[in-house]
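Hi everyone, thanks for coming. I'd like to walk you through one structure today, so please have a look at the screen.

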Amino acid sequence: MRLFTMKNDWEPLLEQEKKKPYFQQLQEKIAKEYEQKEVFPDLEHVFAAMKGTALADTKVVILGQDPYHNEGQAHGFSFSVLPHVTIPPSLRNIYKELENDLHIPKPEHGCLRAWAAEGVLLLNDVLTVRAHEPHSHKGIGWEKFTDAVIQQVNERERPAVFLLWGKHAQKKGSFIDRERHLVLESPHPSPFAAHRGFFGSRPFSKANDFLKEQGEDPVNWKLPAAPEEA
């Protein structure tokens, strides 16, 4: 069973990782999980972030932890949910900061695919999860793979912006070259931490200011009123 394919410039990385023992073991574990358990996101969306934002197009990286674990939420993009799903609390806080930062009104949905098309790599640390069991696929190999993804952006000559929200993301991105790239750190946007410094951190305008300084087009952070179904 060929689980994972991509048809853009991420494919060479995937092919390289597939040859490594850890990834072969990971693929076997994931195949069994999808056969025996309810796992999110749907199999075709596991690599949605990388399919949606090619390496060459990546301007901003937003690191999440693992997919949402309830029915109908996850579709392979960090912090994003499928259209017509209730917007999760952390994403509501992201929207609040977006509105305060760039005066962009909060959308009525939680689908961030339009950001992916703008060059925002919405990458989770772990790419799958069992239904209703948060962090259930932690430690089975995804972290090593997503480290390799981040390293590809890190080693690229063209600068990017990394948004590291919360201690987990900050630890994950600790090896990023901060002389070349812009790394913006703040507390996590969850209701438990957002008031400790996420609100008022202005990550969206700071990211765009940096991109413009580098001669890049800024990200259009405004989401469509009614996104297409993912």
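Let me start with a term: a pocket here is an open set of grid points, on a 1 Å grid over the protein atoms alone, with protein on both sides within 12 Å along at least five of seven lines. Please also keep in mind that this is a predicted model.

With that in hand, let's take the second largest pocket, which has a volume of about 150 Å³. Its lining is made up of 11 residues, and those nearest the centre are Ala48, Lys51, Gly52, Phe77 and Arg113. Two elements give two or more residues to this lining, namely helix H3 (48-52) and helix H5 (113-117). By character, the lining of the second largest pocket splits into five nonpolar, three polar and three charged residues.

Now to the largest pocket, where the volume is about 520 Å³. Here 25 residues do the lining, and Asp66, Tyr68, Phe79, Ser90 and His188 are the closest to the centre. The lining of the largest pocket has 10 nonpolar residues, 14 polar ones and one charged.

Let's stay with Asp66 for a moment. The UniProt record, an unreviewed entry, lists Asp66 under "active site", and that annotation may be inferred rather than shown by experiment. Where does Asp66 lie? You'll find Asp66 in the loop between strand E2 (60-64) and helix H4 (89-102). Is Asp66 buried or exposed? With a relative accessible area of 16%, Asp66 is buried, because the cut-off for buried is under 20%. And which residues is Asp66 in contact with, leaving aside neighbours within four places in sequence? The answer is Asn124, Val126, Val129, Pro134 and His135.

The same unreviewed UniProt entry also lists residues 51-211 as "domain: Uracil-DNA glycosylase-like". In the model, this span is 31% helix and 14% strand, and its end C-alpha atoms lie 22 Å apart.

Next, the aromatics. How many aromatic pairs does a search of the whole structure find? It finds 12. Take Tyr22 and Phe23: their ring centres are 6.0 Å apart and the planes sit at 90 degrees, so this pair is edge-to-face. Tyr22 and Phe23 are both buried. Another edge-to-face pair is Trp142 with Phe145, at 6.2 Å centre to centre and 70 degrees between the planes. Both of these residues belong to helix H6 (residues 142-155), where they are three residues apart, about one turn of the helix. Trp142 counts as buried because its relative accessibility is 0%, and Phe145 is buried too, with a relative accessible area of 0%.

There is also an aromatic cluster to look at, formed by Phe79, Trp115, Trp165, Phe198, Phe199, Phe204 and Trp221. Phe79 may sound familiar: we met Phe79 among the residues closest to the centre of the largest pocket.

One last stop, towards the start of the chain. Glu15 is part of helix H1 (residues 11-18). At 30% relative accessibility, Glu15 counts as partly exposed. From Glu15 to Pro41 there are 26 residues in sequence, and the C-alpha to C-alpha distance is 22 Å.

If you take one thing back to your desks, let it be Asp66: buried, listed by UniProt under "active site" in an unreviewed entry, and among the residues closest to the centre of the largest pocket. Thanks for listening!

Note on methods
Residues numbered from 1 in each chain as written. Predicted model: local features only at pLDDT ≥ 70, side-chain atom pairs only at ≥ 80, totals over all residues. Heavy atoms only, no water. Helix = DSSP H or I, 4+ residues; strand = E, 2+ residues; numbered from the N terminus. Buried < 20%, exposed > 50% of the residue type's maximum accessible area, 1.4 Å probe, protein only. Phe/Tyr/Trp six-rings, centres within 6.5 Å; stacked < 30°, edge-to-face > 60°. 1 Å grid on protein atoms, 1.4 Å probe; cavity = no way out; pocket = protein on both sides within 12 Å on 5 of 7 lines; lining within 4 Å. Points joined across faces, edges and corners; volume = space filled by probe spheres on them. Nonpolar A, V, L, I, M, F, W, Y, C, P; charged D, E, K, R; others polar. Contact = heavy atoms within 4.5 Å.
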